[in-house]
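Visitor: Please choose one part of this structure and take me through it slowly, from its own residues out to its neighbours. I am in my first year, so I would be glad of each step in full.

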Amino acid sequence: MTPDYSSQLRAAVAAARTAGEFLRARFADVKQVNAEMPHDLKLQLDRDTQQLIARCLLAEYPDYAILGEEGETGSMSAEALWIVDPIDGTVNYFYGIPIFCVSIALQVKDRVVLGCVYDPMQDECFTAVVGGAALLNGRAIRVSARQRMAEAVVFVGHGSHDGSGAEGVRRFAHISSQVRKVRILGSAALTLCYIATGRFDAYIENRINLWDFAAARVILECAGGKLEFTPEVAHARQGSVIAWNGQLPIHAALEMPTPQA
Ligand code: IPD
């Protein structure tokens with residue numbers, strides 16, 4: 001039997017909403033960039049938001065550790081670990097594109113047991129605890145029933161890491177002729193929640209981080225979807241993801257023809 005995680009979920013939702021309001025209030029401001037990479041940015045607001053989330057969570061659960069995109073608090077071998085992405089969709093946020101979210105998961109003894117993803121611009125709060133229903137603002141959600149690639153909307157991630165963008169473009173070209181539409185939303189966590197609601201049908205990306213999808217994975221699976229994560233050899237918390245509504249023949253659709261000699 002799954003233990004009762006309702007208090008922890010309440011704490012995650014409160015922290016995500018506090019952080020979401022903080023980000024929404026600063027959405028139109030000029031943002032301080034701390035680091036600029038070819039396909040990514042690090043903002044001071046990423047750090048400030050993670051600190052805000054950490055303060056909220058640690059006030060209620062001082063013994064739990066935090067693993068976040070912006071660093072770690074406490075021991076990474078702690079029994080209970082919050083996995084936090086303070087802004088998933090940082091590049092969107094910086095450019096003023098209102099598609100980003102706050103993502104908070106709780107891992108207990110190496111198993112992620114709950115997830116909360118909050119989109120402050122739409123005031124959409126996605127939640128789930130393993131073994132329960134996936135909810136959007138408290139109402140149950142479910143993946144689509146679509147079974148044919150021809151009617152699917154698929155997100156193909158354009159990763160932030162060297163080489164992963166090119167791979168994303170190759171997959172985009174391969175899959176776009178098979179489906180109704182391909183989309184690149186810019187937030188892995190929101191994309192997974194969109195599959196959980198039936199707005200999207202599948203998502204593929206070849207290199208993302210645990211904090212990008214940990215919370216949304218619980219929400220997707222509780223909504224009837226599936227997610228396969230293949231970790232990289234050198235980084236257990238980074239790898240490729242295939243997520244779908246559990247109905248589409250996504251693996252067959254991804255098979256690339258062998259190049260002719
Ligand atoms: C990014 C987003 C994006 C995905 C990248 C991630 P961040 O997360 O989820 O959709 O394509 O791989 O790094 O950096 O905005 O938290």
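Guide: Before we begin, one word has to be fixed: a residue is called buried when its relative accessible area is under 20%. The model in front of you is a predicted one, and the part I have chosen is strand β8, residues 124–129.

Let us begin with the strand itself. Strand β8 is mostly covered, since six of its six residues are buried. In a regular strand, side chains alternate between the two faces of the sheet. You can follow two such sets in β8, where Glu124, Phe126 and Ala128 point one way, while Cys125, Thr127 and Val129 point the other way, and all of them are buried.

Now look at what is paired with this strand. On the side of β7 (residues 111–119), six bridges join β7 to β8, and the two strands run antiparallel. Two of the facing pairs are easy to find on the screen: Gly115 of β7 stands opposite Ala128 of β8, and the bridge partner of Cys116 in β8 is Thr127. The two strands form a hairpin with four residues between them, and in that turn Asp123 has a positive phi of about 50°.

Strand β8 also pairs with β9 (residues 135–136), again in the antiparallel sense, here over two bridges. In this pairing Thr127 stands opposite Leu135 of β9, so that Thr127 has a bridge partner in β7, namely Cys116, as well as one in β9, namely Leu135. The hairpin of β8 and β9 has five residues between the strands, and Gly131 takes a positive phi near 90° there.

The next step outward is to follow β7 away from β8. Seven of the nine residues of β7 are buried, so this strand is largely enclosed by the rest of the structure. It is joined by seven bridges to β6 (residues 101–108), and β6 and β7 run antiparallel. Ile104 of β6 stands opposite Cys116 of β7, and Cys116 is also the residue whose partner in β8 is Thr127. Strands β6 and β7 form a hairpin as well, with two residues between them, and Lys109 in the turn has a positive phi of about 50°.

One residue of β6 deserves a pause, and that is Gln107. Its relative accessibility is 15%, and it therefore counts as buried. Leaving aside neighbours within four places in sequence, Gln107 is in contact with Glu79, Ala80, Leu81, Ile83 and Val112. Gln107 and Val117 are ten residues apart in sequence, and their C-alpha atoms are 15 Å apart in space.

Returning to β8, we can leave the strand by way of Phe126. Phe126 is among the residues touched by Thr197, together with Leu136, Ile141 and Arg142, when residues up to four places away in sequence are not counted. Thr197 lies in helix α5, and its side chain reaches the backbone oxygen of Tyr194 at 2.9 Å. A polar atom of the Thr197 side chain also lies 3.4 Å from the backbone nitrogen of Arg199. Helix α5 is followed by Gly198, whose phi is positive, near 90°.

Like β8, which is mostly covered, helix α5 has little of its length in the open: ten of its ten residues are buried, so it is largely enclosed by the rest of the structure. Part of its surroundings is a set of strands, for α5 lies across β11, β13, β14 and β15, running at about 155° to β13. These strands belong to an open sheet of five, in the order β12-β11-β13-β15-β14, with mixed pairing. The edge strands are β12 and β14, each of which pairs on one side only.

Another neighbour of α5 is helix α6, residues 210–222, and the axes of the two helices come within 8 Å and cross at roughly 5°. That makes α5 roughly parallel to α6. The residues of their contact divide into ten nonpolar, no polar and two charged. On the α5 side they include Leu192 and Ile195, and on the α6 side they include Phe213 and Leu220.

Terms used: Residues are numbered from 1 along each chain as its sequence is written. This is a predicted model: local features need pLDDT of at least 70, side-chain atom pairs count only at pLDDT 80 or more; totals for chains, interfaces and linings use all residues. Side-chain values use heavy atoms; hydrogens and water are left out. Axes are lines fitted to C-alpha atoms, for helices over the stretch in contact, and angles run from 0 to 180 degrees between N-to-C directions. Angles under 35 degrees count as roughly parallel, over 145 as roughly antiparallel, 65 to 115 as roughly perpendicular and the rest as oblique. Contact means heavy atoms within 4.5 Å. Ala, Val, Leu, Ile, Met, Phe, Trp, Tyr, Cys and Pro count as nonpolar, Asp, Glu, Lys and Arg as charged, and the others, Gly among them, as polar. Buried means under 20% relative accessible area, exposed over 50%, partly exposed in between (1.4 Å probe, protein chains only). Two strands pair if DSSP finds at least two bridges between them. A polar contact is a pair of N or O atoms within 3.5 Å; within protein, one must be able to donate a hydrogen and the other to accept it, and residues adjacent in sequence count only if both atoms are side-chain atoms.
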